[in-house]
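Student: I am new to this structure. Please take a close look at one part, the interface between the two chains.

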Protein chains: 2
Amino acid sequence: MPEVSKRGVRMPESPIRKLVPYADQAKAKGIKVYHLNIGQPDLPTPQIAIDAIRNIDRKILEYSPSEGIRSYREKLAKYYHKFKIDVSPENIIITAGGSEAITYAFLACLDPGDEIIVPEPSYANYTAFAIVAGAIVKTIPSKIEEGFALPPMEKFETLITPRTKGIMICNPNNPTGYLYTQSEMNAIRDLVKKYDLYLFSDEVYREFCYTGAPYISAFHLEGIEENVILVDSVSKRYSECGLRIGALITKNKTVYHNVLKFCQARLSPPLIGQIAAEASLDTPDAYMLEVYNEYVERRKFLIDGLNRINGVYSPIPMGAFYTVARLPVDDSDKFCQWLLSDFSYENQTIFMSPATGFYTTPGLGLNEVRIAYVLKKEDLAISLKILEEALKIYPGRVDA
Amino acid sequence: MPEVSKRGVRMPESPIRKLVPYADQAKAKGIKVYHLNIGQPDLPTPQIAIDAIRNIDRKILEYSPSEGIRSYREKLAKYYHKFKIDVSPENIIITAGGSEAITYAFLACLDPGDEIIVPEPSYANYTAFAIVAGAIVKTIPSKIEEGFALPPMEKFETLITPRTKGIMICNPNNPTGYLYTQSEMNAIRDLVKKYDLYLFSDEVYREFCYTGAPYISAFHLEGIEENVILVDSVSKRYSECGLRIGALITKNKTVYHNVLKFCQARLSPPLIGQIAAEASLDTPDAYMLEVYNEYVERRKFLIDGLNRINGVYSPIPMGAFYTVARLPVDDSDKFCQWLLSDFSYENQTIFMSPATGFYTTPGLGLNEVRIAYVLKKEDLAISLKILEEALKIYPGRVDA
């Protein structure tokens, strides 16, 4: 047999995925599994989006333009204006989810051997998309003791080499829920300017900021407008993960042109998804507020509950719908698996994501898990109880 | 500004795309443009697919599995059985169009510097997807005088190096409409076996074979079952280009596992598209027959008409809905542009694809165009008349 590619072999398997068979086994045994492991909101998709799909009135489901439907890009530009992101439809390319946007951003900007710097813990698939482009991800750990604040710029500077081409951030952050401050964003801006780097900024959680602190978009930073490549998606804000509609936004015409060539090769983004996403832009404020308030409550409930459990610590996330919590365990991979394969409390258990999957530096995240608060409060209450009981008897318990 | 990637710069711009502004200008002048340039069928999408979309009854448009919805893969396996392609749901991965299937096949199988051999003229985006993977496409010209039959295997063998990892075919062929014979497919099989290569086989036009000659799938070839990676799509057979639903099918478990890792990184294929594609598998035979008969008639009408024009020659395509014709012109890029920018007949003109975009070898295809018969017969009649009149006065006319 011909060999598969070294690139494919190098593609990481997520520690979350590895646990799925254990969750399936637990379910097969009749154990109810609470899923705190995925970023799939449980909240309903706006009715206006469902209606747009149900009212499709076309004879032929044709290709749409490679850069996305014009009317959608126009409405999307107006949506960004509400966040003081001053972009035009000509700066926007619609993609198959945020995933495709990141992939094409890397392919269009980075050559094999080029390097990007990413604060960790970070979304694991950034590494996967970098592998597609042959680029190298260098990470700088942020620390739970510091609430996962941006590491100091000196740490970034120690990693910069002639091959460094960009910095990738996620703000508000998955997995930590951290929201970068103005001064942190200014520091990033200065670094980007000093070394003439790309700033890849994943801002898909911008609707979910809870503390009154402002959301600072990479496009708010002055003097680096042409360096910024913003990644967006409708998945989280409208509970539309299945549509696979994202966007890549850049004012850099050369980058836009380069990305567009990759988009033209794949012909077009999903048609029905675009129609639903365009309709979603008219989602009533009441829906957005309800979703927001729901997450505010869950966040408070979850974080309070976690910090009340003996040996558990969670910083207070400022945005998104995740937190990374520290647990009194030897190895979060083992603990999360044990919860599924060896433990149940009143015939129930929880599925959490080992934080190791969000770190590149070996050994980090061993006593941390990511918890997504995509379940209703009653289920979060049960989940907290399950965690508390599990930690009482977990054989690998290690108190600091 | 940081530089864009060399890979992005190398991404080709299709000569078809370059002509789009000229078509837009012609339309702005009030000239009616007949589009013979794209593979977008004009025939209606099956009602059963539209209905499936209109009847969506879900509260949350969630992620689907990375490998695609189970029930769809099960039905798809049965569909393949009708073509004596013996695959199971576990051999199938649903992708965002055939484009994503090819991209991931290349990424999972080919490393930078690896080579694949492709008979030309060929679908231009194979080269684009190879560039994504850093792989090198080597082409062997097939000739219009031979009806674009498969070049002899000795020609393939002269291109084989230690880096050769695969052969890519499209059968029935885009752009030529050629359908590989059993003996040609056997020759490919022997070569694949002898050098232990991958056989990437794009078979999205399998429904469109017109001569009674059998469609031979790569999966019909004995002894190379694990070397075959089949690429499929619902775009052409159901006129569902906009859904972006394709598939990658392989019995090679290592390849499957490797491809799946790329698919997991991008999370999932489009949900609504999968629902519509699954429903499409119940399309009544009457629809398929009507579509088939329509193409049969158009094909005869178009090819007869082309060969009646002085100086024009088209072989008789056996499948798909394209033909590559030879014209008495100096340069098909110039001629196709001239048709849009300088010519009109009774305020009408035609948009054809210069064949240069389907060849990699410089200088080939200069007097050839690809014509897609995705217009109804009356429009094909007018298009033929326009072509005839244009060739009478085109300043760059060159008779052989």
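Tutor: What follows describes the side of chain A that touches chain B. This is a predicted model, in which local features need pLDDT of at least 70, side-chain atom pairs count only at pLDDT 80 or more, and totals for chains, interfaces and linings use all residues. Residues are numbered from 1 along each chain as its sequence is written, chains are lettered from A in the order in which they are written, and side-chain values use heavy atoms, with hydrogens and water left out.

Chain A has 77 residues in contact with 77 residues of chain B, where contact means heavy atoms within 4.5 Å. Together the chains bury about 6200 Å², 55% of it on carbon and sulfur atoms; buried area is the accessible area (1.4 Å probe) that two parts lose on being put together, summed over both. On the chain A side, A:Arg7, A:Leu61 and A:Tyr63 lose the most area to chain B, together 11% of what that side buries.

The rule finds two salt bridges across this interface, a salt bridge being a side-chain nitrogen of Lys or Arg within 4 Å of a carboxyl oxygen of Asp or Glu. A:Asp111 and B:Lys6 meet in a salt bridge through their side chains, at 3.9 Å from N to O.

Elements of chain A that give two or more residues to this side include α1 (6–10), α5 (97–109) and α9 (253–265); helices are DSSP runs (H or I, at least four residues), numbered from the N terminus. The largest share, eight residues, comes from α9(A).
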